Each structure stands twice: as structure tokens, then as C-alpha cells.
Amino acid sequence: MLSRVANSIYWLGRYLERAENYARFIDVNFNLMQDLPIDLKEQWHPLIAATGDLDLYEKKCKGYERNEVLFFLGFDAENPNSMLSTIKNARENARIIRENLNKETWEKANELYYMMQDGLEKKVWKKEDPRPFFEKVKNQILLIYGIADSSVARVEGWYFRQLGQYLERADKTSRILDVKYHILLPSDQQVGTPLDFLHWMALLKSVTAFNTYRRLYGNIESANVVEFLVLNKYFPRSIYYCIKEAEKCLHNISGNLGGGYMNSSEKAIGELRSKLEFAEVGEIIGFGLHEYLDNLQLKINAISNNVDANFFRIRDNHTHQNQTQTQS
């Protein structure tokens, strides 16, 4: 497979997953605001901090009003990681490799792009409850995933898209969990209170994990939620699961099905998978949840850089544009 084709497929997976997760970021905050006591002020600043785009936001905006934050995350063309920007980039990558995609995938990606344009024209972020729009976008992306799952041959192109999707999902699960650290604990006195319970419940619902978690653990406890979202071996949005599946994708791309590693990408992801596989939640909390997640994000970014070096080094301008969109 040509490196530029592989690059576009990989970034198609990453951009779609990024947009879908931003919809989840917004949803977790709205879910939380519905349940918080009236006298507690809405907190939108930590949501920006968790996405990694705080510096850019502060250069453009002075306050952290709801509408400004929603516009920045959803529709700001000057934010390279907004939903509008990432969906536009996903569509452009799909257009470039259109001959490698089936008709239905292209059509749904195109519909998604025009869905965002329609939301921009209608100023959805100013509506009293914009959640139905973001839910619609999320479902459209899930539809694209479903079409791919049922109709795409499991060859190199499939594994590159899955690789991008899983690396992005691991990063975003770490960030959405970090929202809890940033937003939800202004003081240690709130730990174990009904308010703390609401925070964790909203977080689990935002990653469609609430019912699965309750079946496995029963009561909501912070250590169990961290264990579930970071270390669970079966939940498809846990960080460990995503890294494990991304490693399988790399082995299939390299043809390395006998174990070990053949390149720096496989070495880096194998080391991270191994550490997660044998980690314990007590160690994570003892280390510091925020510090642990921050370290994870750096390692995931390093893996992405290794993927670029191993497979996409011969860049054209479009490839370079994709690489500049990686989040810090």
C-alpha cells in the first residue's frame, strides 16, 4: 500500500474518532450540569483544559461562557481540533482515497460534513439544549463505523484505520477521565458525597459505560471507575483494550504475527501494553491520577510519532497537514 494512502486511511480513523469523542466531552458536561445543584456554577474551563487546547482558547477568548466553549469545541474553523475541523479533514482524507472506500462509507462521511455545515449555519451552540445535534453527529460516526465493520476486507487499509481509531480513543478516554480530575474535585471533602456520585455517573454515561460498569462492580466507587476505564481487558473504550487492539493492528500491518517487535512503533506500543496489563489501580491512584494520565498521553503521542516515522515518512503536503493536527 502506498504510504500516502495508508496515511489518509489512518488519519480518517483518527479524525472521526476525535470528533465523536468531542461530542462525548460536551455530553458529559451537559449531563453533569443537569444534575448539579442550582447554586453551583457551570464549569466549562476544565473541559477546554482536558482537550489540550487551552492556550489556543485563551488567545481567542476571554471568558469561559458556555456558548463560547461550545463554539470553540464544535464549530471554530480556527481550532484544528474542533469537530468542524476534524470532520472536514476526515472528509478530505476520504475524498483523496475515495477509490479505496466503498460507496456507502464515502456517502455517510459526506453527509456528516454537511451535517456540521448545517449546524454552523443554524448556530446550534446557542440553543438552550444542543445535545440532540451532537448526539446526531455521534450516531452518524457510529454508522460509518458499522458500515466499515460489516463491509470492509480485513487487509492493510482496514488495520491502518483501526490503528488510528484505537490510538485516538485511548487518548480521549484518558482525557475524558481527566475531566473528572480537573472539574469535579474542587476539594477533597466532596469525595464520597452524593455530588461525587453524580460526577462519576455522568462520566460513565458519557462513554456509554454506565450499565456495563454497574453489572461488573455494582456501586460506583472512584477506584473501580478508574480501574474500569484504564485497565479493563474487555470494555472497548478502556485504555488497555484500545492499546492492545492497536498493537494487534500494527502486527498485522507489519506481518509480525510471531511476537516481539519489528519496528519502533511495535516496541513502544508493546512496552505500554505490558505496563497497563500488569498495572494495579492502587498504583495509579498512588502515583496520582492526573499525573498518570498525563504520562499516558505522552506515550500515546510518542507511538503516533513512531507510526509516522515507520510508515508515512515520505510525505506530500497533505500528509504534513495531517501530522500537524496531532494534539499535545
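**Helix packing and residue environments in the predicted model**

The accessible surface of the protein comes to about 14,800 Å², and carbon and sulfur atoms contribute 50% of that area. The model analysed here is a predicted one. Its secondary structure consists of 16 helices and zero strands. Of the 328 residues in the protein, 55% are buried. Among contacts with a separation of 6 or more, 68% link residues 24 or more positions apart.

Attention is turned to the packing of helix H12. Two packed helices are described by the angle between their axes and the distance between the axes. For helix H12 (residues 239–254) and helix H13 (residues 264–277), the angle is about 150° and the axes are 9 Å apart. H12 is therefore roughly antiparallel to H13, since an angle over 145 degrees falls in that class. The crossing of H12 past H13 is left-handed. On the H12 side, the contact is formed by Ile239, Tyr240, Ile243, Lys244, Ala246, Glu247, Leu250, His251 and Ser254. The H13 side supplies Ser265, Glu266, Ile269, Gly270, Leu272, Arg273, Leu276 and Glu277. Classified by residue type, the contact of H12 with H13 comprises eight nonpolar, four polar and five charged residues.

H12 also packs with helix H15 (residues 289–311), at an angle of about 10° and with the axes 13 Å apart. This angle makes H12 roughly parallel to H15, because values under 35 degrees are assigned to that class. Here Ile239, Ile243, Leu250, Ile253 and Ser254 of H12 meet Leu293, Leu296, Ile300, Val307 and Phe311 of H15. The contact of H12 with H15 has nine nonpolar residues, one polar residue and no charged residues. Ile239, Ile243, Leu250 and Ser254 of H12 are listed in the contact with H13 and also in the contact with H15.

Individual residues in these surroundings were then examined. Leu296, found in helix H15, has a relative accessibility of 3% and so counts as buried. Leaving aside neighbours within four places in sequence, Leu296 is in contact with Ile239, Leu272 and Leu276. Of these partners, Ile239 belongs to the H12 side of the contact with H13, and Leu272 and Leu276 belong to the H13 side. Leu296 and Ala170 are 126 residues apart along the chain, and their C-alpha atoms are separated by 9.0 Å.

Ser174 lies in helix H8 (residues 156–183). With a relative accessible area of 0%, Ser174 is buried. Residues up to four places away in sequence being excluded, Ser174 touches Ile239, Leu293 and Gln297. Ile239 and Leu293 also take part in the contact of H12 with H15. Ile239 is thus a partner of Ser174 and of Leu296.

A further buried position is Leu112, in helix H6 (residues 103–121). The relative accessibility of Leu112 is 1%, so this residue counts as buried. Its contacts, not counting residues up to four places away in sequence, are with Leu16, Ile87, Val137, Gln140, Ile141 and Ile144. One of these partners, Val137, is 25 residues from Leu112 in sequence. The C-alpha atoms of Leu112 and Val137 are 6.9 Å apart in space.

Burial was also considered at the level of an entire helix. In helix H11 (residues 222–231), seven of the ten residues are buried, so H11 is largely enclosed by the rest of the structure. The buried residues are Asn224, Val225, Val226, Phe228, Leu229, Val230 and Leu231.

Backbone geometry was examined at two loop positions. Most residues other than glycine have a negative phi. Lys123 has a positive phi, near 50°, and lies in the loop between H6 and helix H7 (131–151). The relative accessible area of Lys123 is 41%, so Lys123 is partly exposed. Thr208 likewise has a positive phi near 50° and is found in the loop between helix H9 (194–206) and helix H10 (210–217). Thr208 is exposed, its relative accessible area being 55%.

Key. Residues are numbered from 1 along each chain as its sequence is written. This is a predicted model: local features need pLDDT of at least 70, side-chain atom pairs count only at pLDDT 80 or more; totals for chains, interfaces and linings use all residues. Side-chain values use heavy atoms; hydrogens and water are left out. Axes are lines fitted to C-alpha atoms, for helices over the stretch in contact, and angles run from 0 to 180 degrees between N-to-C directions. Helices (H or I, at least four residues) and strands (E, at least two) are DSSP runs, numbered from the N terminus. Angles under 35 degrees count as roughly parallel, over 145 as roughly antiparallel, 65 to 115 as roughly perpendicular and the rest as oblique. A crossing is left-handed if the near helix is turned anticlockwise from the far one by less than a right angle, and right-handed if clockwise. Contact means heavy atoms within 4.5 Å. Ala, Val, Leu, Ile, Met, Phe, Trp, Tyr, Cys and Pro count as nonpolar, Asp, Glu, Lys and Arg as charged, and the others, Gly among them, as polar. Buried means under 20% relative accessible area, exposed over 50%, partly exposed in between (1.4 Å probe, protein chains only). Accessible areas come from the Shrake-Rupley method with a 1.4 Å probe; for residues, only the protein chains shown count as cover.
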